[in-house]
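Here is a walk through one protein chain, meant to be read with the structure open beside it. Have a look around, then read on.

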Amino acid sequence: MEVRINVSRQQVEKVFGLEEYWCQCVAWSSSGTTKSQKAYIRIAYLRKNFEQEPLAKEVSLEQGIVLPCRPPEGIPPAEVEWLRNEDLVDPSQDPNVYITREHSLVVRQARLADTANYTCVAKNIVARRRSASAAVIVYVDGSWSPWSKWSACGLDCTHWRSRECSDPAPRNGGEECQGADLDSRNCTSDLCVHTASGPEDVALYVGLVAVAVCLLLLLLVLILVYCRKKEGLDSDVADSSILTSGFQPVSIKPSKADNPHLLTIQPDLSTTTTTYQGSLCPRQDGPSPKFQLTNGHLLSPLSGGRHTLHHSSPTSEAEDFVSRLSTQNYFRSLPRGISNMAYGTFNFLGGRLMIPHTGVSLLIPPDAIPRGKIYEIYLTLHKPEDVRLPLAGCQTLLSPIVSCGPPGVLLTRPVILAMDHCGEPSPESWSLRLKKQSCEGSWEDVLHLGEEAPSQLYYCQLEAGTCYIFTEQLGRFALVGEALSVAAAKRLKLLLFAPVACTSLEYNIRVYCLQDTRDALKEVVQLEKQLGGQLIQEPRVLHLKDSYHNLRLSIHDVPSSLWKSKLLVSYQEIPFYHIWNGTQQYLHCTFTLERVSPSTSDLACKVWVWQVEGDGQSFNINFNITKDTRFTELLALESEGGVPALVGPSAFKIPFLIRQKIITSLDPPCSRGADWRTLAQKLHLDSHLSFFASKPSPTAMILNLWEARHFPNGNLSQLAAAVAGLGQPDGGLFTVSEAEC
C-alpha cells in the first residue's frame with residue numbers, strides 16, 4: 001500500500017492577503033484509492049485600528065453613560081475588556097456597570113467615582129490592542145442650601161437671611177447656583193425697634209447735610225471745568241491723512257465767531273453712563289445684580305483728528321475689567337487672561353475691537369450705539385476645552401468660539417463680528433449653522449447658512465477662510481458644520497517643531513495637526529516658545545475629507561550611524577474623530593530620536609503624513625528636514641502691529657463726512673440704477689441684496705461690510721472708482737471741499 005499526503009493552499013481574501021491551508025492523506029492499494037477528509041488551517045491575525053473608539057464625555061451626576069467600542073477585525077474574533085484608569089472593569093464586582101454584546105461599556109448611573117480615563121482593550125491569541133483613552137467627567141451642578149433663620153431686627157427696621165451654594169456644591173465644572181445668596185426685608189411694626197432722636201442725632205444729621213452740600217458744589221465746579229475744556233476741542237471726525245487720490249482731502253476745523261457758516265460737529269456732551277438694572281440676559285429668571293457700565297476710558301482728541309483710548313496701565317486695567325465682569329453669573333466662563341481679550345469704551349461714533357494675530361475682530365459702525373449712551377464692550381476668544389459646546393452626529397467645529405458683550409445692550413444697527421473658519425464651503429457638501437449660547441448656557445441654532453431670511457437678527461457673509469456675522473445682539477458665537485457627502489473637507493495645517501539645538505542624547509520632532517485658523521496657530525506658537533521649539537519646515541495645508549480614516553505619520557531616511565528612532569512601530573496615528581471634531585487643541589505626534597554617535601553633524605530625515613481614502617488610495621505629504629532649515633520668520637507674530645481697540649474715525653478707512661454723503665446719495669432708489677444696488681454688484685455683494693434692502697440704510701450696510709473686510713489694508717481708490725462709476729450727475733457728492741470745512 002502506498003500513502004501520499006496532498007497539501008494545497010488557496011487565497012480566500014485578496015483584499016487582506018489572508019491565506020487558508022488544507023491537507024489530505026491519500027492511500028493506494030490493490031483494492032483502490034482511499035482519501036481522508038480535508039483538514040483546514042487558518043492563519044490568525046488582529047488588525048491595528050479599532051473600527052470605533054470611545055469618545056470623551058461630560059455627564060451630570062446620576063446620568064447614564066454609554067462608551068461604544070468596536071474592536072479591530074481579527075481571527076479569531078477579539079475579546080474585549082475595559083480599563084478604568086488602567087484598572088480592569090469587572091461588572092461582576094460593580095453592578096452599576098455592564099458590557100453589552102456590541103462591547104459598549106454602560107454605566108447605569110454616573111457617580112463622582114466614575115470620573116476617569118476609559119480604555120477599550122481588544123485581544124486574541126495573536127495580539128493585544130488598546131484604543132485611545134476617553135476622558136469621562138462627571139460634574140455636579142450647584143444647589144442652594146435651605147435659608148437660614150431671619151436675623152434680629154436692626155435699627156433700620158430690616159432683617160436678613162442667607163444661604164450657601166453647598167447642597168451640593170458645584171464640582172468638576174458644574175454650574176454655579178443661580179440667584180442671590182442674601183435676602184433682606186422690612187421688619188413688622190411690632191418687631192421693629194424705634195429709638196427717640198436725641199441731640200446727638202440732630203447734630204449728626206446736620207453734619208451729613210453739610211457734607212452733601214459741599215460735595216454737590218464740588219461736582220458742579222468739576223462739570224463746569226469739563227464743559228469749558230470740551231468747548232475748545234478740535235472735534236474732527238475725519239482724518240485727512242488717510243485719504244487717497246480716489247477721495248478729495250477733508251479738513252474739518254472748529255467754528256469761529258466771525259464765520260458761523262463753517263461746518264463743525266460738536267462733541268456729544270449729553271453722553272451719560274448707562275446702568276443696567278436687572279438681568280443682562282432677558283430670558284434669565286430670578287433676581288439679578290445691578291451691573292454698571294462705567295465711563296472707563298473716555299475719548300480724547302489726538303493730532304490729526306484721530307481718537308484712541310487712554311491706557312495708563314493696560315495690564316492692570318484689563319485685569320480689573322475682567323475681574324469686574326467675572327462677578328456676573330454669565331461672565332464666569334470668560335478667560336481670566338488678557339492675551340485673548342480686547343475691550344474699549346464706545347459711543348455713537350463707533351469703533352473696532354481686535355484680538356491681535358487671531359483674525360477675530362468686532363466692527364461697531366457709526367450710530368450702532370444710541371446717541372447719549374456710552375458702552376464698555378469686550379471681545380474674547382475662548383479655548384474649546386473651556387466652553388461646553390455639544391456637537392451632534394457628524395457635526396464639527398469650524399471656527400473659534402468667540403464672545404462679545406455685554407449681552408443685552410441696546411444696538412440700533414448691526415455690528416459685524418469677523419472670525420476665521422477652516423471649512424471648504426460648498427452647498428452640496430456642507431450644512432453650515434451659526435450657534436449662539438443663551439444666558440442659561442444652552443446652545444441654539446440662530447442661523448442656517450443658505451436659508452437666511454432678511455428679517456432675521458443674524459446674517460453671515462461666508463468667504464474662503466473668513467466669515468462676517470451681522471448681529472444686533474451680542475453674545476457667544478461659533479460656526480458649526482455637518483458633512484452632507486464624502487466630498488466635504490476641512491482645511492488643516494501641518495507644522496513641524498523641534499528644539500533650537502540638540503543639547504542632550506535625544507532629539508524630539510513634534511508634528512502638529514491644527515485647524516487652519518490664525519487663533520490655533522497663535523496658541524501653538526506660544527506653546528512652542530515655552531518648550532523652546534522652533535518651526536523647522538514651512539507649514540503645509542491638508543484638506544481632510546470625511547472618510548473616517550485616521551491620519552498616519554512616519555519618519556524615514558534617518559542616518560542609522562548617527563541617530564536611532566525610539567518608535568517601536570512603523571508609523572503613528574492621530575484618530576480621525578479627534579481631528580474632525582475640532583474641539584481638541586494641540587493634536588500632535590512626537591518622534592524621539594536617540595543619538596548613537598558623538599558626531600555633531602545636523603540631522604537630515606523625512607517625515608511622511610498620509611491618510612488612506614475610502615477607495616484604498618492615499619495622499620502623502622512629505623517633509624524634508626535638512627540642516628539650516630529655519631522658518632521662524634513665518635511665525636514672527638510679535639512683529640505684527642495692531643491696536644486692540646480703535647475708537648471713532650480712526651477705526652474706519654472711509655472718512656465720516658464722505659461716508660455720510662455716499663449714504664445720502666445712494667440710499668434713494670434711482671431709475672437709472674445709480675443707487676446702492678449697483679454699488680453692491682460692483683463690490684460682488686449682489687447675492688445679499690435682500691438683506692441690505694431690509695435695513696433702513698442699505699448703503700450703510702454695504703460700507704460697513706467693506707470696512708470689516710478691508711481693514712487696515714483696504715484700497716480706498718478702488719472703492720472711490722466703484723462709487724464714481726455709478727453715473728451720478730454730480731461728482732461733487734463724493735468730495736468734501738475746503739469751503740465746506
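## Helix α5 and its buried side

In this predicted model, the buried residues of helix α5 are Phe656, Leu657, Ile658, Arg659, Ile662, Ile663, Ser665 and Leu666. That makes eight of the 11 residues in this helix, which runs from 656 to 666, so α5 is mostly covered. Note that the buried set takes in Arg659 and Ser665 alongside residues such as Leu657 and Ile658.

What do the buried residues of α5 pack against? Their partners are α6 (676–682), α8 and α9 (716–724).

## Helix α8, one of the partners

Helix α8 spans residues 698–710, 13 residues in total. From first C-alpha to last it reaches 19 Å, close to the 18 Å you'd expect at 1.5 Å a residue.

How many of the 13 residues of α8 are buried? The count is 11, so α8 is largely enclosed by the rest of the structure. The buried stretch starts at Pro698 and carries on through Thr699, Ala700, Met701, Ile702, Leu703, Asn704, Leu705, Trp706, Glu707 and Ala708.

## Stepping back to the whole chain

The protein chain holds nine helices and 44 strands. Of its 741 residues, 43% are buried. Its exposed surface comes to about 37900 Å², with carbon and sulfur atoms supplying 53% of that area.

As for how the chain meets itself, take the contacts with a separation of 6 or more: 67% of them involve residues 24 or more positions apart.

## The disulfide of Cys69 and Cys120

The cysteines give two disulfides. One of them joins Cys69 to Cys120, with an S to S distance of 2.0 Å. The torsion about this S-S bond is about -75°, so the link is left-handed. Cys69 sits in the loop between β7 (65–67) and β8 (74–75), while Cys120 belongs to strand β13 (residues 116–123), so the bond ties together parts that are 51 residues apart in sequence.

Are these two cysteines buried or exposed? Cys69 is buried, at a relative accessible area of 1%, and Cys120 is buried too, at 0%.

## The disulfide of Cys165 and Cys177

The sulfur atoms of Cys165 and Cys177 are 2.0 Å apart, and the two residues form a disulfide. This one is right-handed, with 80° about the S-S bond. Cys165 and Cys177 are 12 residues apart, and each lies in the loop between β16 (158–162) and β17 (182–186).

Cover differs between the two ends: Cys165 counts as partly exposed at 21% relative accessibility, whereas Cys177 is buried at 6%.

## Two cysteines that stay unpaired

Cys513 is in no disulfide, and the nearest cysteine sulfur is that of Cys589, 9.1 Å away. Why is there no bond from Cys589 to Cys513? Cys513 has the closest cysteine sulfur to that of Cys589, but 9.1 Å is too far for a bond. Cys513 counts as buried at 6% relative accessibility, and Cys589 is buried as well, with a relative accessible area of 5%.

## Gln395 and its contacts

Gln395 lies in strand β26, which covers residues 395–397. The residue is buried, with a relative accessible area of 13%.

Which residues does Gln395 touch once its neighbours within four places in sequence are left aside? The contacts are Pro390, Lys435, Val480, Gly481 and Glu482.

## The annotated transmembrane region

An unreviewed UniProt entry annotates residues 202–226 as "transmembrane region". In the model, that stretch is 100% helix and 0% strand. Its end C-alpha atoms are 37 Å apart.

## How confident is the prediction?

Across the protein chain the mean pLDDT is 76, and 73% of the residues reach 70 or more. Where you should look twice is in the stretches with low values. Over residues 9–18 pLDDT stays under 50, and the model has 17 contacts beyond four places in sequence for them. Residues 232–280 also stay under 50 throughout, and here the model has 111 contacts beyond four places in sequence.

Technical notes. Residues numbered from 1 in each chain as written. Predicted model: local features only at pLDDT ≥ 70, side-chain atom pairs only at ≥ 80, totals over all residues. Heavy atoms only, no water. Helix = DSSP H or I, 4+ residues; strand = E, 2+ residues; numbered from the N terminus. Expected span 1.5 Å × (residues − 1). Buried < 20%, exposed > 50% of the residue type's maximum accessible area, 1.4 Å probe, protein only. Contact = heavy atoms within 4.5 Å. Areas by Shrake-Rupley, 256 points an atom, 1.4 Å probe, with all protein chains shown as cover. UniProt positions renumbered as here; feature names shortened; annotations may be inferred. Disulfide = S-S within 2.5 Å. pLDDT = per-residue confidence, 0-100.
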